[in-house]
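Visitor: I should like to go through this model with you, one question at a time. May we begin?

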Amino acid sequence: MTSQRTKKLTLAAMMTAILIILGFFPGIPLGFIPVPIIIQNLGILLTIELLGTKYSLLSIGLFLVLALFGLPVLSGGRGGFAIFLGPTGGYLLGWLLVPLVLGTILHILKQHQHLSWWLEFIIVVVAGVLFIDLIGSIWLSVQSHMPLGTALISNLAFLPGDIIKAGLAVFLARRLRKLPSLQTIF
Ligand code: BTN
């Protein structure tokens, strides 16, 4: 029988592949901020929702290592060390850290209660979307010599799309967790 660990590692590898596929979609430039609207962060949130802290850290970490070594896995087929020092570097750091924050909060709450759709959604928005945007804005302000307030306000442009992506991640994760083949993993 396949061990739980092997199943989780397989799912982690599958989520890395999904993150790479989402990178095929080019970003939509906004003009007033050097950060595009992308779809890849939907995959980041879904990975954490499905895998929890440890294995999503592994999956997202592997994805970021591939990007760091220059594989064209970031939105629009980009990759390379320079991107990590560019205006979007803070969001990439946020992607690495968010499993620790969101994954841990979800884990603690799920141990004590059954999470309703709404509560899970709000947690993903606050500890996932807003956390990534905060780290991204802080680095953007440093890197682009922009006041932090301006960087934070500019990030409001991402919120409508990111809230939809959070809703989609929660919806998909709650559906997928019910699949018999995945139920044994969680
Ligand atoms: C990159 O490919 O260099 C990272 C892009 C980061 C884009 C951020 S993620 C959070 C926010 N929502 C978006 O749609 N875009 C930004």
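Visitor: Is P87 buried, partly exposed or exposed?

Guide: This is a predicted model, in which local features need pLDDT of at least 70, side-chain atom pairs count only at pLDDT 80 or more, and totals for chains, interfaces and linings use all residues. Residues are numbered from 1 along each chain as its sequence is written. A residue is buried if 20 or more other C-beta atoms, placed from the backbone, lie within 10 Å of its own, exposed if 12 or fewer, and partly exposed in between. Because P87 has 19 C-beta neighbours inside 10 Å, this residue counts as partly exposed.

Visitor: Which residues does P87 touch, apart from those up to four places away in sequence?

Guide: P87 is found in the loop between α3 (81-85) and α4, where helices are DSSP runs (H or I, at least four residues) numbered from the N terminus. The C-alpha atoms of P87 and L140 are 5.2 Å apart, although 53 residues separate them in sequence. Contact requires C-beta atoms, placed from the backbone, within 7 Å. By that criterion P87 touches P34, V35, L140, Q143 and S144.

Visitor: Where does α2 bend?

Guide: The expected span of a helix is 1.5 Å times one less than its number of residues. For the 29 residues of α2 a straight helix would reach 42 Å, but the end C-alpha atoms are only 16 Å apart. The bend at a residue is the angle between axes fitted to the seven residues ending there and the seven starting there. In α2 this angle is about 130°, and the residue concerned is G52.

Visitor: With which residues is N41 in contact, leaving aside its neighbours within four places in sequence?

Guide: N41 lies in helix α2 and counts as buried because it has 27 C-beta neighbours inside 10 Å. Its C-alpha atom is 8.4 Å from that of L19, 22 residues apart in sequence. The contacts of N41 are I132, D162 and K165.

Visitor: Against which helices do the buried residues of α7 pack?

Guide: Helix α7 (residues 159-176) reaches 25 Å from its first C-alpha to its last, close to the 26 Å expected. Its buried residues are D162, K165, A166, A169, V170 and A173. Seen down the axis, they fall within an arc of 135°, taken from the directions from the helix axis to the C-beta atoms, so they line one face of the helix. These residues pack against α2 (40-68) and α5 (117-143).

Visitor: Which exposed residues does the face of α7 turned away from its buried side carry?

Guide: One of them, R175, is exposed because it has 10 other C-beta atoms within 10 Å. The C-alpha atoms of R175 and L93, 82 residues apart along the chain, are separated by 29 Å. The exposed residues on that face are P160, I164 and R175.

Visitor: Which helix supplies the largest share of the shell around the ligand?

Guide: A residue is near the ligand if its C-beta atom, placed from the backbone, lies within 6 Å of it. The ligand is surrounded by 16 residues, the closest being I37, L74, T88, Y91 and F158. At least two residues of the shell come from each of α4 (89-112), α5 and α7. The largest share, three residues, comes from α5.

Visitor: What is the phi of H145?

Guide: H145 lies in the loop between α5 and α6 (148-154). It is exposed because it has 7 other C-beta atoms within 10 Å. Although H145 is not a glycine, its phi is positive, at about 50°.

Key: Contact = placed C-beta atoms within 7 Å.
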